[in-house]
Amino acid sequence: MFIVLMSSFLSQEEISRRGTFILIPQVFDPTAYQMLLAEGSSIYNAYGVTIMRVACGTVTQLFFTCTMAYALSKKYLPGRNLVIAMINVAIVIPVPLIPLFLLVRGVGLYDNFWSMILLFAINSVYIFIMKAFYQQLPDELEEAATIDGCNQIQLFLQVVLPLSLPSIATVGMMYAVWHWNEWFYSSLFIVENSRQPLQNIMRGIIINASGTDLALPVGNLPPAETIKCAVIIISVVPILCVYPFVQKYFAKGFLVGSVKA
Amino acid sequence: MDRSTYPDVYGTDPISNLSGQAEFLSAQIFLGGARHAGCSNFCEKKKSFWVKVKKYKLLYLFLVPGVLYFVIFRFVPMFGYIIAFKDLAPFEGLEAIFNSEWVGLRHFKEFMSSYYFWKVFTNTIILAGLRLLVEFTLPIILALLLNEINSRFFKTAVQTISYMPYYVSNVVLASLDGAGKLNQIFKITLPCISFAIMIMFIMRIGVVIHEGWEETLLLYSPAVYKVSDILDTYVYRAGLDEFRYSYATAVALFKSVIGFTLVLITNLLAKRMGQQNMYT
């Protein structure tokens with residue numbers, strides 16, 4: 001990481017002067033950053049898309065996962081075993097790529113922001129995690145609440161959900177990190193440049209280091225390595241800054257959960 | 001229902017409260033049931049099915065989005081495997097799936113006799129095997145190290161995220177015995193968890209061939225296809241870069257069948273070992 005940070009400030013003339021492996025540049029040349037962070041750069045758009053995607057995607061996934069897991073945690077529900085068998089089959093047989101591609105094209109989600117969110121609304125492993133958590137909540141809790149006059153929806157929203165916050169936080173964090181890192185399916189299904197998430201733009205820049213999707217000054221181009229390193233720094237530093245604050249919130253959640261358990 | 005109207009239902013303590021209410025309610029149900037006594041058996045079953053659905057209507061409502069997702073985005077693509085037995089032209093839309101001609105096992109024969117087959121297949125197996133090995137040594141070491149940490153907060157935090165430390169329970173016996181730390185780890189902790197490790201290893205075998213292709217896709221290049229091309233990356237190249245949809249789906253089906261068979265075998269094996277372990 002340190003080397004990447006230092007390399008992002010190298011200029012072409014320094015590389016030709018000192019050779020390719022340079023630990024600390026003598027002259028800190030911010031041209032790569034100026035280029036990448038310029039007015040019409042696609043990185044701002046990509047950041048927006050990725051943040052939207054993480055927010056919408058995590059919320060959608062948590063909604064789908066928690067509701068289904070809660071319903072499946074009730075042993076007395078008729079048809080529950082059938083649904084669990086269905087999920088097990090879906091785990092064992094992975095989704096084939098080409099039919100998925102044809103389906104997305106046929107349904108009209110091709111080149112659509114929602115394809116990134118709806119295609120992966122549920123990860124089966126997390127359903128089982130949440131289901132196990134709900135099963136471990138004592139039955140007396142729900143009986144007491146029902147006797148006190150809760151109807152079913154109040155029971156879920158006001159009794160079960162607040163208790164399951166640590167679990168939701170864990171699963172939500174794993175979903176969010178997955179959304180942040182996911183690039184393959186968005187590279188398949190999203191074509192328009194302005195809708196691409198950050199990882200794809202980054203990959204595009206790194207593969208095609210002449211950076212044809214950026215507004216570049218023709219002369220004075222920094223070397224390819226420098227551009228690559230600058231892209232890496234730009235996409236990693238914000239998340240590094242945000243993570244400690246998020247970590248504190250989750251730590252509190254874990255403590256609360258452990259005390260209750 | 002309150003105390004003034006039904007004084008003999010409301011006792012003074014919560015338990016008799018509950019039983020009193022239960023008696024009252026069961027009387028109501030009995031009376032209500034008597035009204036339906038004229039129905040035949042079938043009529044009662046049908047009524048009780050919908051009564052159940054109404055009773056649990058929130059739970060069924062909760063199931064609907066999840067089941068819809070699974071049906072549309074997991075099971076419908078599974079039916080798409082039939083294009084492996086057809087000759088699908090690339091640019092024709094969804095109806096072409098039903099209208100193309102059947103070619104039987106042609107794509108499978110083509111794959112097995114192709115230049116790529118052995119290399120791709122063996123690379124998949126080798127990479128999966130290496131991944132299994134690394135996945136099972138490093139987490140054990142990490143779990144054992146974490147077990148030595150005395151901070152409860154950290155342990156709880158990690159426990160909710162990863163599964164391995166769950167099996168590493170606190171070993172009080174060794175400290176009573178006075179054994180040194182390293183001895184503790186090797187002689188007591190490891191044997192305790194070795195059975196769990198073995199079961200988990202066996203069950204991973206079937207699943208691991210489906211993983212790891214994203215990293216491979218990112219890092220490989222034509223120069224290293226000989227050692228890094230695996231079944232999944234080959235499917236991606238043949239299917240989406242070369243537009244050979246049916247052929248690529250046949251390769252994907254080939255991999256799925258292998259994976260499915262491995263999962264069946266390893267699950268049976270794990271179950272058998274688990275049963276044996278219960279009786280020892």
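## Close-up views of chains A and B

Over all chains, the count comes to ten salt bridges. The model is predicted.

**View 1. A salt bridge within chain A joins A:Glu142 and A:Lys74.** Side chains of opposite charge can pair when their charged atoms come close. In this pair, the closest N and O atoms are 2.5 Å apart. A:Glu142 sits in helix H9 (residues 139–147) of chain A. A:Lys74 belongs to the loop between helix H4 (42–72) and H5 of chain A. The pair therefore ties together parts that are 68 residues apart in sequence.

**View 2. Chain B meets chain A over a buried area of about 4800 Å².** The size of an interface is often given as the accessible area lost when the parts come together. Here carbon and sulfur atoms give 80% of that area. Three residues, B:Phe62, B:Phe70 and B:Phe73, supply 14% of the area that chain B buries against chain A. No other three residues supply more. The contact takes 55 residues from chain A and 49 residues from chain B. Between the two chains there are zero salt bridges. Five residue pairs are in polar contact between chain B and chain A, both residues at pLDDT 80 or more.

**View 3. Several helices of chain B give residues to the side that touches chain A.** Among those giving two or more residues are helix H2 (41–55), helix H7 (152–161) and helix H14 (245–279) of chain B. Helix H3 (57–79) of chain B is also one of them, and H3(B) gives the largest share, 18 residues. By class, this side of chain B has 35 nonpolar, eight polar and six charged residues.

**View 4. Helix H5 (residues 80–92) of chain A packs on H3(B).** Two packed helices are described by the angle between their axes and the distance between the axes. For H5(A) and H3(B), the angle is about 35 degrees and the axes are 11 Å apart. The crossing is left-handed. From H5(A), the residues in contact include A:Val83, A:Met86 and A:Ile87. From H3(B), they include B:Leu63, B:Phe70 and B:Arg74. The contact of H5(A) with H3(B) has ten nonpolar residues, one charged residue and no polar ones.

**View 5. Helix H6 (residues 97–107) of chain A packs on H13(B).** Their axes lie 10 Å apart, at an angle of about 40 degrees. A:Leu97, A:Ile98 and A:Phe101 in H6(A) meet three residues of H13(B): B:Tyr236, B:Gly239 and B:Leu240. Five residues of this contact are nonpolar, one is polar and none is charged.

Note on methods: Residues numbered from 1 in each chain as written. Chains lettered and ligands numbered in written order. Predicted model: local features only at pLDDT ≥ 70, side-chain atom pairs only at ≥ 80, totals over all residues. Heavy atoms only, no water. Contact = heavy atoms within 4.5 Å. Buried area = accessible area lost by both parts, 1.4 Å probe. Salt bridge = Lys/Arg side-chain N within 4 Å of Asp/Glu carboxyl O. Polar contact = N/O pair within 3.5 Å; in protein donor to acceptor, adjacent residues only side chain to side chain. Helix = DSSP H or I, 4+ residues; strand = E, 2+ residues; numbered from the N terminus. Nonpolar A, V, L, I, M, F, W, Y, C, P; charged D, E, K, R; others polar. Axes fitted to C-alpha atoms, helices over the stretch in contact; angles between N-to-C directions. Left-handed = near helix turned anticlockwise from the far one by under 90°.
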